[in-house]
Amino acid sequence: MANSLQIGVLGAGRIGSLHTELLMTRVPGCTVAAVADVFPEPAEALAAKFGIPRVCSTLDELLSVDGLDAILVCSSTDTHEEAVCSAARRGIAVFCEKPLAVDIASIERMRSAVEQSDTILQVGFNRRFDPNYARLRTAIEGGEIGELHTVRLTSRDPEPPPIEYVRRSGGLFIDMMIHDLDMVRFLVGAEVSEIYTVAECRVDPAIAEAGDVDTAVVTLRFVDRTIATIENSRRAAFGYDQRAEIFGSGGNALTDNVYGNTAVLASESGIRRDVPLRFFLDRYIDSYVIELNAFASAVRNREAPAVDLIDGRESVVLAHAAKRSHETGLPVKLPEFRAAFGLSV
Ligand SMILES: NC(=O)c1ccc[n+]([C@@H]2O[C@H](COP(=O)([O-])OP(=O)(O)OC[C@H]3O[C@@H](n4cnc5c(N)ncnc54)[C@H](O)[C@@H]3O)[C@@H](O)[C@H]2O)c1
């Protein structure tokens, strides 16, 4: 391993560009050695901006770059399996964006490739590294709110993604709620035993035409009897709405939205403040930096990753269970649901 970790980035879109910039500017001891995309323009523009020596047009070309220690899989979700399996087979460490895949069988093939290799895979659940949520987790772990009873997550986007993205990404449960499903598991520190969903299309009829919903409330029961609720919307008029509450026998803890300034304006007509930071690239910027530093450290020190493949798989299982509950109108028992895929946790 060279002094500086040599990293390849697959996918020069929204998240691939952000990760490349952060690796080059805010993750000491890392160098982006190559960037790859099926479309040359975004990859070339990114390489030019950050002085990256190689631009590749295929996964194979990227994985053949000399001395590569790790790749970041930031391409569309339906390309993750091939990238993860090919990198693992070559002993190259992988950071894979969420969701690992839409299909659980596909994730099982990734698991087998990673387990047979001498390398690691970290899943891109960046919100675990957000200092606000991380503080809620330490409050639970440290007994600061006594015995945990309930968790409430509110997670609303400022606007829906393009309809083509809705179709290709797996929809609200698998693409958007997946972050919240991972977050409740992370906060509670236990597995889910039952899930029940009520969902509608209230924001844009085109989303219903694409076979998806845009508004959902999910209730989860955990094996330790904690109860959690997740509320999602594809559009909050005031912007990106990301809040949480944990409540227990000894008290509660709340995290608020993050704002671009702390000014509160008071006049005789009322008291107001500006809307929260617009979207995830702003709101969660620190979490991405901490997440990438954690990945670099795991690769360098050959340690287990902070978010592993089983975390990635379980979030997808929960997303499918939430979708099944929406489709049937019935609660889904997780042990039976997992068993139908030949899984247990
Ligand atoms: N953790 C997060 O907060 C977060 C945020 C956004 C997206 N994501 C995830 O990251 C992934 C990418 O999302 P995005 O919003 O950046 O999408 P995007 O469409 O902006 O970018 C994807 C890029 O991948 C390229 N690509 C597609 N197939 C490829 C292939 N076979 N080889 C090389 N390049 C290929 C596309 O040309 C495009 O440039 C998705 O899995 C998404 O769920 C995670």
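**Exercise 1. Sort the shell around the ligand by residue class: how many residues are nonpolar, polar and charged?**

Solution. This is a predicted model, so keep that in mind as you work through the shell. Start with the class count: the shell around the ligand has 10 nonpolar residues, 10 polar ones and five charged ones. Next, pick out the residues that come nearest: of the 25 around the ligand, these are Arg-14, Asp-37, Thr-77, Lys-98 and Tyr-288.

**Exercise 2. Which atoms of Ile-15, Asp-37 and Gly-124 lie within 3.5 Å of a ligand N or O atom?**

Solution. Begin with the side chain: a polar atom of Asp-37 is 2.6 Å from an oxygen atom of the ligand. Now turn to the backbone. Ile-15 places a backbone N or O atom 2.9 Å from a ligand oxygen atom, while a backbone N or O atom of Gly-124 lies 3.4 Å from a ligand nitrogen atom. Finally, look at the cover: the ligand taken alone exposes 840 Å², and the protein buries 84% of that.

**Exercise 3. Where does the ligand lie with respect to domain 1 and domain 2?**

Solution. First find the space: the ligand takes up the largest pocket. Then ask which elements give two or more residues to the shell; they are helix 1 (14-26) and helix 8 (171-188). Last, go up to the domains. Domain 1 (5-119) and domain 2 (128-279 + 313-340) both give residues to the shell, so the ligand lies between them.

**Exercise 4. What is unusual about the backbone at Pro-99 and Arg-225?**

Solution. Here is the background: most peptide bonds are trans, and most residues other than glycine have a negative phi. Check Pro-99 against this. A cis peptide bond joins Lys-98 to Pro-99, with omega about -20°, and Pro-99 sits in the loop between strand 5 (93-96) and helix 5 (104-115). Now check Arg-225: its phi is positive, about 75°, although Arg-225 is not a glycine. Arg-225 is found in the loop between strand 9 (215-222) and strand 10 (227-233).

Notes: Residues numbered from 1 in each chain as written. Predicted model: local features only at pLDDT ≥ 70, side-chain atom pairs only at ≥ 80, totals over all residues. Heavy atoms only, no water. Near = heavy atom within 4 Å. Polar contact = N/O pair within 3.5 Å; in protein donor to acceptor, adjacent residues only side chain to side chain. Areas by Shrake-Rupley, 256 points an atom, 1.4 Å probe, with all protein chains shown as cover. 1 Å grid on protein atoms, 1.4 Å probe; cavity = no way out; pocket = protein on both sides within 12 Å on 5 of 7 lines; lining within 4 Å. Sits in = over half its atoms within 2 Å of the grid points. Helix = DSSP H or I, 4+ residues; strand = E, 2+ residues; numbered from the N terminus. Nonpolar A, V, L, I, M, F, W, Y, C, P; charged D, E, K, R; others polar. Domains from an automatic or database assignment.
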